[in-house]
Amino acid sequence: MNNRKKYETNMSRVLLLGAGFIFLLAALLYNEFLLVLFVSNPPISSITVAKIRWVQALFFISGFSLISISYIFKKILWIESFMKKELVTHILLAILPVFTLLFFLEFSLKPFAMIPTTIFVKDAQLGWKLKPNADDLWGDARVKINSKGLIGPELDYAKRPNVKRILYLGDSVTFGYGLKSYKQSFPYLMEGMMENEVEYEIETINAGVDGYSQWQEYIFFSTEGIKYAPDLVVVSFILNDVTEKFGLTIFGGKGEGFQLSQTISKKADNLFRRSSIVYFAKKVNARIRFGSNIQEGAKQEEALKVMDLVRHSNRQDVQKAWDITLQELGKIFNYAKAKDIPVMLVVFPYTFQFDDVKASSTPQKIVSKYAFDNKVPVIDLLPVLSKKMDEQGRKPRDYFIDKDHLSPLGNEIVAEILADFIKQNKLLTNEHVN
């Protein structure tokens, strides 16, 4: 009988030790250098790398804790006595392997899973918009939305004396995706930089919303943005403004937008939908279902991609996409002019373009020429940021957290460039102060 109890104790310790060493091994092998071999679109972004290292630390702590517990069991008599019970061994044998596997899968997949959020809500005109008073994670950062559905401090529509307002229209780059605070985004950084050089106060209305393109920006500007009586409108143009919208039903696609697909509508679904295992299980299920439809798969393969704007600028569908996009951009320009509000255009690059700035700049040339023809001041950030990188000895990864979203440093650099551009072009002058 004593041998049986000793066996039960040893088996319990072996289970704990085994799980502990598995986690330590996982901590050693789970790193960005090995994982990049399994990523479909390398390199791994800096945000994902940070997540990977957090998971590494978690695996190490878990492994060390389990090994420590197994030794503590031997040192404390009442625990050792408890572990000698046959039922305890059977429970550990049944639960620990399953728990170890689920724990490993949940956290090893987490750096690559998109966590659902509650910051978006469906909208009849815009497709989606930011949910007023929302407070939740989006990507890797906690986001707080004010009661008017914008990020940043809430402003009254009525403008105070000796105040200039800048309205920013754009998508996630303008919104400040991935930043720990809205204060790190270039619109709010510009506010502080410019106020140091003028005698009036500057207020920022950041109307950037993830996934927006010009058709949505025009609707917002003409229905909501104009209420703030802006003195300048800054329109941010990202290359996926040309391509992304064609996945929406309004443009012949089949979706309601990535943002809504990542939105939790019921609080009861919160914990379940935030699981990375659930996230990837749904992706696998969708892949299986989608793969059975060869015709639909072929259509997806033909969908416009940002790279096509560079490599296939003369292709018919690319030119059609540009025609639609520039028409929508023109609506913003014309509305601003009709309201006698200065407007400027900022064209943002994708990181792949820095590999060969000259050869990949066709999209920037197209949209910049359109702005020039409409007598709208435009700044193309591709050559400007490329020059900055050369001067500072930087790489795209220093200015960007992924393929197109700016890092805190990137936002700071862009804010400096745009503040100087506004000053040089006298887009905010004392004569326009209300």
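This passage describes a strand and its neighbours, the aromatic and charge-over-ring contacts, a nonpolar surface patch and two residues with unusual backbone angles, all in a predicted model.

Strand S5 spans residues 163-169, and because seven of its seven residues are buried, the strand is largely enclosed by the rest of the structure. In a regular strand the side chains alternate between the two faces of the sheet. In S5 both of these faces are covered, since Val163, Arg165, Leu167 and Leu169 are buried on one side, while Lys164, Ile166 and Tyr168 are buried on the other. Two strands pair with S5. Strand S6, which comprises residues 201-206, runs parallel to S5 and is joined to it by six bridges, and within this pairing Tyr168 of S5 stands opposite Asn206 of S6. Strand S7, residues 232-237, also pairs with S5 in the parallel sense, here over four bridges, with Ile166 placed opposite Leu232 of S7.

Lys164 of the buried strand also takes part in a contact with an aromatic ring, as its charged end sits over the ring of Tyr200 at 5.1 Å from the centre. A further contact of this kind involves Lys148, which lies over the face of Tyr157, 3.7 Å from the ring centre.

Aromatic pairs were searched for across the whole structure, and 24 were found. A pair of aromatic rings is described by the distance of the centres and the angle of the planes. For the pair formed by Phe186 and Phe348, the centres are 5.6 Å apart and the planes make an angle of 40°, an arrangement classed as tilted. This pair links distant parts of the chain, for Phe186 belongs to helix H7 (residues 186-195), whereas Phe348 lies in the loop between strand S8 (343-347) and helix H16 (362-373), and the two are 162 residues apart. Phe186 has a relative accessible area of 0% and is therefore buried, and Phe348, at 1% relative accessibility, likewise counts as buried. Elsewhere, one aromatic cluster is formed by Phe23, Tyr30, Trp54, Phe59, Phe99, Phe103, Phe104 and Phe107.

On the surface, Leu25, Leu28, Leu29, Leu34, Leu37 and Phe38 make up a nonpolar patch of about 680 Å². Helix H1, which covers residues 2-29, gives the most to this patch, contributing three residues. Phe38, another member of the patch, is located in the loop between helix H2 (32-35) and helix H3 (46-75). Because its relative accessibility is 70%, and residues over 50% are taken as exposed, Phe38 counts as exposed.

Two residues are notable for their backbone angles. Most residues other than glycine have a negative phi. Asn162, although not a glycine, has a positive phi of about 60°, and its place is in the loop between strand S4 (141-144) and S5. With a relative accessibility of 37%, Asn162 counts as partly exposed. Ala229, which is not a glycine either, has a positive phi of about 50° and lies in the loop between helix H8 (214-223) and S7. Its relative accessibility is 34%, so Ala229 also counts as partly exposed.

Definitions and conventions
Residues are numbered from 1 along each chain as its sequence is written. This is a predicted model: local features need pLDDT of at least 70, side-chain atom pairs count only at pLDDT 80 or more; totals for chains, interfaces and linings use all residues. Side-chain values use heavy atoms; hydrogens and water are left out. Buried means under 20% relative accessible area, exposed over 50%, partly exposed in between (1.4 Å probe, protein chains only). Two strands pair if DSSP finds at least two bridges between them. Rings of Phe, Tyr and Trp (its six-membered ring) pair if their centres lie within 6.5 Å; planes under 30 degrees apart count as stacked, over 60 as edge-to-face and the rest as tilted. A charge sits over a ring if NZ of Lys or CZ of Arg is within 6 Å of the ring centre and within 35 degrees of the ring normal. Patches are made of residues with over 30% relative accessible area and no salt bridge: like charges are joined within 9 Å, nonpolar side chains (Val, Leu, Ile, Met, Phe, Trp, Tyr) within 5 Å. Accessible areas come from the Shrake-Rupley method with a 1.4 Å probe; for residues, only the protein chains shown count as cover. A salt bridge is a side-chain nitrogen of Lys or Arg within 4 Å of a carboxyl oxygen of Asp or Glu.
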